[in-house]
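Okay, everyone, settle in and pull up the model on your screens. I'll walk through a few bits of it, and shout if you get lost.

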Amino acid sequence: MTRSCSSFSGEALMMLVVIMLLFLASNSAGAESLHLRVAVAPEAVGALPATSGLEAGIQRLFAAEFGTFTSLVFDGEQSGSQAAAASDTFAQVRLEVSGGAVTASTDFTRARAMRSLVSTVPAGCPASLLATIAGDLAFLFVSSRGFSTLPLSPPPALVASLSTDTLGTLTGWNPEELEPVGLAGSGDEITICFPHRYLTLGPLFRISASTIRDINGQGIGREPMQLSGIVQGPGDTLLLLSEREARIALVDPRLGTRQVTDAQELSALPARLIGRGTLAALPGKLGEPGIRLYPLEGGPSRVVRVAASYVPAFDLDREGNLWAWDAGERRVRILTPRGQEVFSIRPLFSAATVQLPQQLAVFDDGSFLLAGSAEVWKFQSSGIPVWRLARIPGRPGESLPSSFDLAANRSSGSFTILDAQSRRLLAFSSSPAGEAARLGSLLERLDSRKQRDLQEASAFAHGAGLGLVALQYGELLIQAGGAEAEREAARMALLREKAAGYSDFADGLTRDLLYERADAAWLRTAETLRELAAESPEDQAAAAMLQTVLARRREIRSALTGTPDLQAVSARVLIGHPDACGTSLTLEVTLRNSGAQPLRGVRVHADLPSAVSAPALAALDEIPPSEAREVRIPLGPADLESPTSAAAVPVFALVTYQRGAQGISRSLSFSAQAAEGGPRRSLAEALACRAVPLDTLAANLAESLLEGARSDPSQPLARLAGILDSLGAARRQAYTVPGVSPVDSTRTPESTGPTMRNLLRSLSPDESDWTIVTASIASTLGMPAAILSLGDRPFALVNTGIPFSNALAAVPGLERFSEQLAGLSPGGTLWLPLSGRVPPSEVDGASWSMADALDAIASGDMANARRSAVAQSGAQESAPLPFPLVLPVSTARPSIAALRDAAESSLAGVR
């Protein structure tokens, strides 16, 4: 029979006290101050953190983000008139709760002139509430001085430009096919979307391997859907979006695969990929603001609601958070894919500037771009502006277009603008280096009317291997009255670059055993070289390369044609787990000899391009006529994308063998069924792979959450208890607001789980998530941790370092759990289980966490319990925060002494 946790809360608290005692035995601000009063409406008192906790959180966040502007001084219960008498600059924030939302009304007075802002935050979003208040205060403070007082850095330099019409020479596509409609970026590559075509280019519009991949993938015809946008997917995949047909096509130009799913209400506005399996896009119809998520495997879409009046632009950060521009309140709301608002940023610029942003791009450091109305602004993660771009550098009098698409390189901070109306691309960088800096310097002083300038630009681009850029300047030179020699030289260089790219691409397809795709690529390589030979017959290198390419194609054709002696009659891919968090694949395939002669020395090379990075090899001595043999091929770790159980996986193979005296090579392609090669991972194993023992965020939690004196670093158990108590109080406040239900914690299929910082910002009610938080924090504090699953419930296991026998002798209450705890405590020290559920009202978070877990193991079937050590994993982020973590919490117990005093007071009532 299941026992309630409250039935032994006093016993559990006593145990915690004794264990604690056992373990015990072993920015500068500006000169001006802003006086602030926070007032909570009476009806909101029970739904919001205590005023002291709010003030502490606002103070820490404002100092971290805006401490160079001013410092905050809290005036407690002073009225506005009293604060005015004490300071020339003061503000009051009034918080009210209504309809599941918190309204923050801020009145700011400076020199007797008042400014006001009203902002709303969904209930249960404490980190976003603090960020909203701090951002509103900073906005009103700066606006009172004038936004022009904020210094701006010089705008980024134009480092390259390219007319999309130039692409016709490279691709052979008609001019009407080269009218751009959209742009996407991934790393230093961009992909341009046309009505029925797409093309990827490298940095400075170079021809990259992806460029050749796209041209080859569209070699047999153009895209049948009318495209409205494009998104770069994982690996070599692309997502083609059609608003007109309400469909999404997932294509792999390299493999030649295509998967189409319906996407109702898909819009032509920007879209982003979350993880590997979900497309996020703005809804095509006006209605309740939100971001629609489309599962690429099919099934109904869902909308992540945004608490905004209108959302015209959004982006994702590297953690998968949704950054949505709230056009009504003119700020960025940051949400998890589950819809929980975790932060807010108000850009510090005038409301008359960029009235309706069309583009939002987030960089890895948390800074971001807002663009629209012929302007691009960059902001720090705090919302402080960095620079403003309105005119095109090096082109006097030329402004940015009024409407454009934008793709950003998240790591470098560079970005590219697509001016669709003028059919051109503009690449910008704030810190150009090497060729980009030299080309940018040329562009800054280039006069397209002067032949000398165009000759210099064309020569530089040609020498730098920028074939498309060189061709463009050659064409401009002819328009300026120059000779055709420059353009023809650039065109020949472009053909050589294309032939070399095609040859490398075909060679890669051959290595990966994609013989049918390689055959077409070798053919197009030969066609390009023939064109080059016809235009430049004296090019001996091209002639020699052509002969080599023709020989390689003959080898491919030989493996694709001829009588097939071997057939794959069955195949499956076994998914194994050789270590705690790794996944390995093994191919089992049955080959039948359909010929009349025995096949000897059979060697099978097999590849799963969608899952592993290189082919693997296995051998058979002989397959007699009309008989079948099974071959087992270890493929190694799933480096790319591990197949799911029951999925059909494409396999490509090259089989070599002896038939009599004849050596034969044959290409095979077939499907294999994916299946588990052993027991599935338990809940404990799956969660342990998500946890990070040395998370830098967890290491800083004590400074973020605790007030007053710190516990001794040699007492991590006391420190962990204080943190759990603080987090428990904050979670309880976040999810006990009357009339507000906890956010849906259903996992999105593409995600392995939220990152640590998102869990802490959102204070998620999900038990599995908080088990990971607890284990990660304990590990960071130097306490070994593990994950325990008992049925469908997970728990964190923490090694207290206390000898097990000493703990039982000192705490008689542990005796009733001794059998269960002994099974959980290898090595002679006590391992305590801790629950991840939200604690009920008015209890100590650390005591509840332990009591709830002990109650579960006392009443559960320990024979079915599973335990897994926490392993280092890349599923969680441990890099510096892009924006601060500050939560409003009550003052936690800062030391063992304070813990002992609080516990003794509680025990007096229990006795």
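Start at the hairpin of strand 3 and strand 4: two residues sit between the strands, and one to look at is Gly99, with a positive phi near 60°. Quick housekeeping: this is a predicted model, where local features need pLDDT of at least 70 and side-chain atom pairs count only at pLDDT 80 or more, while totals for chains, interfaces and linings use all residues. Residues are numbered from 1 along each chain as its sequence is written, and side-chain values use heavy atoms, with hydrogens and water left out.

When I say helix or strand, I mean a DSSP run, numbered from the N terminus: H or I and at least four residues for a helix, E and at least two for a strand. Two strands pair if DSSP finds at least two bridges between them.

Back to our hairpin. Strand 3 and strand 4 are antiparallel, with 10 bridges, and Gln92 stands opposite Asp107 in strand 4. Now, what is the bridge partner of Asp107 in strand 5? That's Ser116. Strand 4, residues 101-110, pairs with strand 5 over 10 bridges, in the antiparallel sense. Those two make a hairpin as well, with two residues between them, and Ala111 in the turn has a positive phi of about 50°.

Zoom out a little. These strands belong to an open sheet of five, in the order 2-1-3-4-5, with mixed pairing. At the edges you'll find strand 2 (71-74) and strand 5 (113-122), each pairing on one side only. On average, neighbouring strands here are turned by 25° against each other, direction ignored. Helix 4, residues 126-145, packs on this sheet and touches strand 1 (33-40), strand 3 (89-98), strand 4 and strand 5; its direction makes about 160° with that of strand 5. Contact means heavy atoms within 4.5 Å, and angles run from 0 to 180 degrees between N-to-C directions, using axes fitted to C-alpha atoms, for helices over the stretch in contact.

Next, the other sheet I want to show you. It's open, has seven strands in the order 32-31-34-35-29-30-33, and its pairing is mixed. Strand 32 (616-623) and strand 33 (628-637) are the edge strands, so to speak the ones that pair on one side only. Strand 29 and strand 30 run antiparallel and are joined by 10 bridges; Gly576 stands opposite Ser584 in strand 30. Lying across strand 34 (648-659) and strand 35 (662-676) is helix 12, residues 540-560, which runs at about 65° to strand 35.

Last stop, the sulfurs. How many disulfides does the model have, if we take a disulfide to be a pair of cysteine sulfur atoms within 2.5 Å? The count comes to one. It joins Cys581 to Cys689, with 2.1 Å from S to S. The link of Cys581 and Cys689 is left-handed, with -105° about the S-S bond. Cys581 sits in the loop between strand 29 (566-576) and strand 30 (584-593), and Cys689 in the loop between helix 13 (683-688) and helix 14 (696-699), so the pair ties together parts that are 108 residues apart in sequence.

That's my tour, thanks for listening.

Definitions and conventions: Disulfide = S-S within 2.5 Å.
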